[in-house]
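Welcome, and please open your viewer. We will go step by step, with something to select at each stop.

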Amino acid sequence: MAKPERMTCFVVSVVDQPGMLLKFMSSLKAKNISLAGLWGFAAGPGQAQIYSVAKNADKLRSALTASGYQPEEKTIFFVKGTDRAGALLKTLESLANSGVNIEALNAVAVGGRFGSCIWFNK
């Protein structure tokens with residue numbers, strides 16, 4: 001079973017307009033912040049949310065605050081391993097048996113490896 005690693009996901013709300021993700025990423029590049037994950041979603045009329053997971057959560061937290069963002073922090077599970085049929089089943093079974101209620105999940109497989117982020121309700 002791939003062991004879930006706890007990580008911090010930062011959520012920032014922005015105006016839903018062209019170039020907002022570019023502005024966000026440019027501010028992180030200027031501070032030499034490397035991300036492990038990035039997602040963007042519409043969040044209602046005229047609003048969007050950017051979800052980011054950094055390799056160094058403290059560095060991202062400081063950079064976001066210094067750039068004027070007011071990040072919300074969420075704990076997620078990050079799972080990675082060898083890609084095969086049912087690669088996430090044991091992890092999902094373990095989380096279910098532990099009473100973890102999954103809010104969202106994404107997964108991708110490339111070059112024989114997979115990675116997955118799992119958002120959950122505490």
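Begin in the loop between α1 and β2, where you will find N32. This is a predicted model, so please read each stop as a description of a prediction. N32 is exposed, because its relative accessibility is 57% and the exposed class starts over 50%. Now look at its backbone: the phi of N32 is positive, near 60°, although the residue is not a glycine. As a rule, residues other than glycine mostly have a negative phi.

**Step back to the whole chain**

Show everything as a cartoon. How many helices and strands are in the protein chain? There are three helices and six strands. If you trace the chain from the N terminus, the elements come in the order β-α-β-β-α-β-α-β-β. Along the principal axes, the C-alpha atoms fill a box of roughly 40 × 30 × 25 Å. The protein chain has 122 residues, and 33% of them count as buried. Next, consider contacts in the protein chain with a separation of 6 or more: 65% of these join residues 24 or more positions apart.

**Select helix α1**

Choose residues 20–30, which make up α1. Which residues of α1 are buried? They are M20, F24, S27 and L28. These four lie on the same side of α1, because they cover an arc of only 100° around the axis. Turn the helix to its other side and you will meet the exposed residues L22, K29 and A30. Now bring back the surroundings: the buried residues of α1 pack against β1, β2, β3 and α2. Just after α1 you are back at N32, with its positive phi of about 60°.

**Zoom in on S27**

Stay in helix α1 and select S27. Its relative accessibility is 16%, so S27 counts as buried, the limit being under 20%. Show the side chain of S27 and the backbone of F24: a polar atom of that side chain lies 2.7 Å from the backbone oxygen of F24. Leaving aside residues up to four places away in sequence, S27 touches S67 and Y69.

**Then M25**

M25 is also found in helix α1. With 31% relative accessibility, M25 counts as partly exposed. Select L35 and L38 as well: M25 touches both, not counting residues up to four places away in sequence. For a longer view across the model, draw a line from the C-alpha atom of M25 to that of C117. The two residues are 92 residues apart along the chain, and these atoms are separated by 20 Å.

**Select helix α2**

Move on to residues 57–66, the helix α2. Its buried residues are L60, A63 and L64. They sit on the same side of α2, because the arc they cover around the axis is only 100°. On the face turned away from that buried side are the exposed residues D58 and A66. What do the buried residues of α2 pack against? Colour β1 (5–15), α1 (20–30), β2 (35–42) and β3 (47–54) to see their partners.

Both ends of this helix are worth a stop. At the start of α2, a side-chain oxygen of N56 comes to within 3.1 Å of the backbone nitrogen of D58. After α2 comes G68, with a positive phi near 90°.

**Look into the largest pocket**

Switch to a surface view. Rolling a probe the size of a water molecule over the atoms shows where empty space is left. The largest pocket holds about 150 Å³ of space. It is lined by 14 residues, and those closest to its centre are A36, F78, V108, G115 and S116. Which elements give two or more residues to the lining? They are β2, β5 (101–110) and β6 (113–121). Sorted by class, the lining has nine nonpolar, four polar and one charged residues.

**Last stop: E93**

Finally, select helix α3, residues 89–97, and pick out E93 within it. E93 is partly exposed, with a relative accessible area of 42%. Then add C9 to your selection: E93 and C9 are 84 residues apart in sequence, and from C-alpha to C-alpha they are 23 Å apart in space.

Methods:
Residues numbered from 1 in each chain as written. Predicted model: local features only at pLDDT ≥ 70, side-chain atom pairs only at ≥ 80, totals over all residues. Heavy atoms only, no water. Buried < 20%, exposed > 50% of the residue type's maximum accessible area, 1.4 Å probe, protein only. Arc of directions from axis to C-beta. Contact = heavy atoms within 4.5 Å. Polar contact = N/O pair within 3.5 Å; in protein donor to acceptor, adjacent residues only side chain to side chain. 1 Å grid on protein atoms, 1.4 Å probe; cavity = no way out; pocket = protein on both sides within 12 Å on 5 of 7 lines; lining within 4 Å. Points joined across faces, edges and corners; volume = space filled by probe spheres on them. Nonpolar A, V, L, I, M, F, W, Y, C, P; charged D, E, K, R; others polar.
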